[in-house]
Amino acid sequence: MVEEREEERDWVRRSQSGDPEAFEELVRRYQRMIHALMFRMTGSSADAEDLAQEVFLRAYRQLNSFRGDAKFSSWLYRIGVNTCLNWKKSAQRREKLHQDWADCDQAPSEPPGELAVRVREALIQLPAKQRAAVVLTVYDGLNHAEAAHVLGCSETTVSWRVFMARKQLKKWLQPSTPTPEPSKD
Amino acid sequence: MNDADKKLNELLKCVQVPERSAGYWEMFPKRVTAQLPCRDRPPGCPTWAATWLARRSSTTFRWGVGLALVCLVLAFGVGLWLKPRRPAEPNYAKLYREIEAMFPNQVRAIAVDQQGVRLSLSDKLDVPTMSPLRVNVCRQQQCRTFITFSGQQIRVNGESWDVLADGEGDVFVVGQRSVWSSQEPRRQVGAYRIDAQPLKVTS
């Protein structure tokens, strides 16, 4: 674990000096994490791929702002979430998402069941910041303090967003509850 | 966390992230880094070239570069040594002065080519004193230079050409079927490229 951190610090240092191979190692280490975050935030595999790429490119551009006082993964998460929050949402995009659940250019490990489809739909309907709070705390296992650091807000704000998100999700995911109308961010 | 929240968490986690192939994960980092040179580098970072050079600072690399440079210099030197040397172009003005001094008023033309220098002399001392002209006639890679005067003839490949000059410094080379003029110096005459001008002779 310590060795991994040392190795990562070395990659970060070398990346900050402009070494592309070191940065490639960082991408290799965190690519699945970022892809998963992007997928959960967007609900689209194709968008997740594009956004993941964008996240790493932004990270590279902002590398000099990373001072090493926090974990690199937290810093990367923050860039990922901000990238998604800036991601333009349009009614057409949502409609495409609803119509095209199998929008994958690779076969999923198993076809999504009806429940999984409903859950994904419900997640996408959440306001982006609430969705981000849920994804970070439920899927990525961050506590509220860590999520607050990533989201650039207070821990109380994260708690409130998670609370509101859960309330909505419980309501939408009750059996025989119809799909809600898209919410405005 | 209460039971309802735990149940919701379980429900949320049933959404799986689609699997991607091993090839995708192998290529993704390379796709990202391939775009890096086109994007802004971190401020204050050296260029990729400088980084590339800095990383290759090992002794082995330096020896390799040194050896390559030595080989390059050697190859250049050998090439120069083997290259056939072109004879230096003769000093036509000096040549004319010396020959004219030996054969005053007899020199009709002096021909210079790869075979050497050949003179066309009059039997009598009847060649008028005039400003000499330099006429260069080339066919493919073979060239012959004549030092002659207005009103004289030169022969190239069995063909006779009259050389004429007017008072304004223009030269004409007149063959049986064609004419070259210094007013149109680039004009090719048949298979020949001709160049003619007054020869500057300083006494």
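**Exercise 1. Work out how many helices and strands chain A holds in this predicted model, and describe how its residues are buried and connected.**

Step 1. Counting the secondary-structure elements of chain A gives 9 helices and 0 strands, and reading along the sequence gives the pattern α-α-α-α-α-α-α-α-α.

Step 2. Turning to burial, 36% of the 185 residues of chain A count as buried.

Step 3. For the connectivity, one takes the contacts in chain A between residues at least 6 apart in sequence, and among these 65% join residues at least 24 apart.

**Exercise 2. Identify the residues that touch the most other members of the largest nonpolar core, and state which helix gives the most to it.**

Step 1. The largest nonpolar core has 51 residues, and those touching the most other members are A:Met38, A:Phe56, A:Ala132, A:Ala133, A:Leu136, A:Ala147 and A:Leu151. Helix 2 of chain A, residues 20-42, gives the most to this core, with 10 residues.

Step 2. To follow one of these residues outward, take A:Leu136, which, once its neighbours within four places in sequence are left aside, is in contact with A:Tyr77, A:Leu142, A:Ala147 and A:Val150.

Step 3. A second core, separate from this one, has 20 residues, among them B:Ile110, B:Leu133, B:Phe146 and B:Ala196.

**Exercise 3. Check the length of helix 9 of chain A against the expected span, and determine how its buried residues are placed around the axis.**

Step 1. Helix 9 of chain A covers residues 155-172, and because each residue should add 1.5 Å, its 18 residues should span 26 Å; the end C-alpha atoms are 26 Å apart, which agrees.

Step 2. The buried residues of helix 9 of chain A are A:Val158, A:Arg161, A:Ala165, A:Arg166 and A:Leu169. They cover an arc of only 135° around the axis, and therefore lie on the same side of helix 9 of chain A.

Step 3. This spacing can be set beside a general rule: an α-helix has 3.6 residues a turn, so residues three or four places apart point the same way.

Step 4. On the other side of helix 9 of chain A, the residues A:Thr156, A:Phe163, A:Lys167 and A:Lys171 are exposed.

Step 5. The buried residues of helix 9 of chain A pack against helix 6 (114-125), helix 7 (128-139) and helix 8 (144-151) of chain A, and also against helix 1 (3-12) of chain B.

**Exercise 4. Decide whether A:Leu169 is buried or exposed, and find its contacts.**

Step 1. A:Leu169 lies in helix 9 of chain A. It has 22 other C-beta atoms within 10 Å, and since a residue is buried if 20 or more lie within that distance, A:Leu169 is buried.

Step 2. Leaving aside neighbours within four places in sequence, A:Leu169 is in contact with A:Ala122 and B:Leu8.

Step 3. The C-alpha atoms of A:Leu169 and A:Val119 are separated by 8.2 Å, although the two residues are 50 apart along the chain.

**Exercise 5. Derive the strand order and the pairing of the sheet of 5 strands in chain B.**

Step 1. This open sheet has the order 2-1-4-3-9, with antiparallel pairing. Its edge strands are strand 2 (116-121) and strand 9 (192-198) of chain B, each of which pairs on one side only. Neighbouring strands of the sheet are turned by 15° against each other on average, direction ignored.

Step 2. Strand 1 (residues 107-113) and strand 4 (residues 142-148) of chain B run antiparallel and are joined by 4 bridges, and B:Val112 has B:Thr145 in strand 4 as its bridge partner.

Step 3. Strand 3 (residues 133-139) of chain B also runs antiparallel to strand 4 of chain B, with 7 bridges between them, and here B:Val137 has B:Arg144 as its bridge partner. These two strands form a hairpin with 2 residues between them, and B:Gln140 in the turn has a positive phi of about 55°.

Step 4. Helix 5 (residues 92-102) of chain B lies across strand 1, strand 2, strand 3 and strand 4 of chain B, and runs at about 140° to strand 1 of chain B.

Methods: Residues are numbered from 1 along each chain as its sequence is written. Chains are lettered from A and ligands numbered from 1 in the order in which they are written. This is a predicted model: local features need pLDDT of at least 70, side-chain atom pairs count only at pLDDT 80 or more; totals for chains, interfaces and linings use all residues. Two strands pair if DSSP finds at least two bridges between them. Axes are lines fitted to C-alpha atoms, for helices over the stretch in contact, and angles run from 0 to 180 degrees between N-to-C directions. Two residues are in contact if their C-beta atoms, placed from the backbone, lie within 7 Å. A nonpolar core is a set of buried Ala, Val, Leu, Ile, Met, Phe, Trp, Tyr and Cys residues joined through C-beta atoms within 7 Å. A residue is buried if 20 or more other C-beta atoms lie within 10 Å of its own, exposed if 12 or fewer, and partly exposed in between; C-beta atoms are placed from the backbone. The expected span of a helix is 1.5 Å times one less than its number of residues. The arc is that of the directions from the helix axis to the C-beta atoms.
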